Amino acid sequence: MINVTKTFLPDFDEYTTILKRAWDRGWITNNGELVRELEEKLKEFLGVSNLLFCNNGTIVLQMALKALNITGEVLTTPFSYVATTTAILWENCTPVFVDINRRNFGVDVEQMERLLTERTQAILATHVYGYPSDIEKIGLFAEKNNLKVIYDGAHAFGVKYNNKSLLSYGDVSTCSFHATKLFHTVEGGCVICQDEETYKKMFLYRQFGHSYDDYICMGINGKNSEFHAAMGLALLPKVGDLIRRRKALTELYDSLLSRVVERPDPGLSNLEYNFGYYPVLFPSEDKLLRCKANLEKKQIFTRRYFYPSLNELPYLKANSCPISEEISRRVLCLPLFPDLAEDVVREISADIIFSLS
Ligand SMILES: *Cc1c(COP(=O)(O)O)cnc(C)c1O
């Protein structure tokens, strides 16, 4: 069976050798040595300073909204994982969906003006599939209208834009280190803040808002454990190799499929991409469903990332986003992970070409 992704694991001994340090100290959570070491290594790897390692990529979105005092409307993308929207709802804010553009499937800044109200306080955009959102335009729009910018960078680990980590943009950027992501800590995530004050707030939020016997603010449990940090420490040195392997597989898919399916095109020369996903656009939803079903007969499982468009979530009443709705119906992510065999890429591609003919 082939799934859309497969968790990359280090050698068991490599993992346990690192974990043993925590074991021997008898300290397995609460800002332990491995968590602190992973944080330092992540800062170095990403070239950022205010970074917190947390327990998932959803809680960090919620912490970011809270730390930036967002209580009203948030301009956000309908084309992302559901956590981007539910984080806004969970914080009792209102998502206002901005339709996406066809280049990088990120929010279309041109649409924002007409969605602004007095209650608009922030933009929460996703670098979907690791393609940078229109960062310059978003920054200018936010500045002009006094809005905070949060980037859901769950897919952005290892991406560089203008020679800087894509996670270093916005007032706050978040990332997910879930087992299905390119770099993972089983469960986990991080948040990166521009300013020290927001960072300090989130540091406190992560530990229930108190420091020893001083109860300073309302917090939450955003901590992660030594077991999770050990996985990160084992995998971080391998990220470069993992990306190179993903790149080779992506180029193979491209060479086989470019004539039959469309691909998003971030069209940026100043981009170092991470090859986190392989999304393809089918001519129609019918054709997508046919290809998907034919692959499933061979035990090959693709994923409709992202479907439905989040403005269509059944528990929401939201504005329509025709482009996102259309793209959601036509987009499919094909299997892509470092130890995917090239023969399987050929088989998947041949099957798609056959299904479309
Ligand atoms: C995976 C993902 C999340 C959630 O991350 P978790 O670590 O699973 O909580 C949020 N946003 C996007 C875009 C994601 O892909």
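Biologist: In this predicted model, what makes domain 1 and domain 2 count as being in contact?

Modeller: Contact means heavy atoms within 4.5 Å. By that test, 41 residues of domain 1 are in contact with 38 residues of domain 2. Domain 1 covers 12-237 and domain 2 covers 239-355, and their centres, taken over C-alpha atoms, are separated by 24 Å.

Biologist: Where does the ligand sit?

Modeller: The ligand is in the largest pocket. Around it are 15 residues, of which Thr58, Asp152, His155, Ser176 and Lys181 come nearest.

Biologist: Why is the pair formed by Thr58 and the ligand called a polar contact?

Modeller: The cut-off is 3.5 Å between N or O atoms. An N or O atom in the Thr58 side chain is 2.6 Å from an oxygen atom of the ligand, so the pair qualifies. Asp152 has a polar side-chain atom 2.7 Å from a nitrogen atom of the ligand. For Lys181, a side-chain N or O atom is 3.2 Å from an oxygen atom of the ligand. Both values lie within 3.5 Å, so these pairs are polar contacts too.

Biologist: How much of the ligand does the protein bury?

Modeller: Taken alone, the ligand exposes 380 Å², and the protein buries 92% of that.

Biologist: Which classes of residue make up the shell around the ligand?

Modeller: The shell has 10 polar, 3 nonpolar and 2 charged residues.

Notes:
Residues numbered from 1 in each chain as written. Predicted model: local features only at pLDDT ≥ 70, side-chain atom pairs only at ≥ 80, totals over all residues. Heavy atoms only, no water. Near = heavy atom within 4 Å. Polar contact = N/O pair within 3.5 Å; in protein donor to acceptor, adjacent residues only side chain to side chain. Areas by Shrake-Rupley, 256 points an atom, 1.4 Å probe, with all protein chains shown as cover. 1 Å grid on protein atoms, 1.4 Å probe; cavity = no way out; pocket = protein on both sides within 12 Å on 5 of 7 lines; lining within 4 Å. Sits in = over half its atoms within 2 Å of the grid points. Nonpolar A, V, L, I, M, F, W, Y, C, P; charged D, E, K, R; others polar. Domains from an automatic or database assignment.
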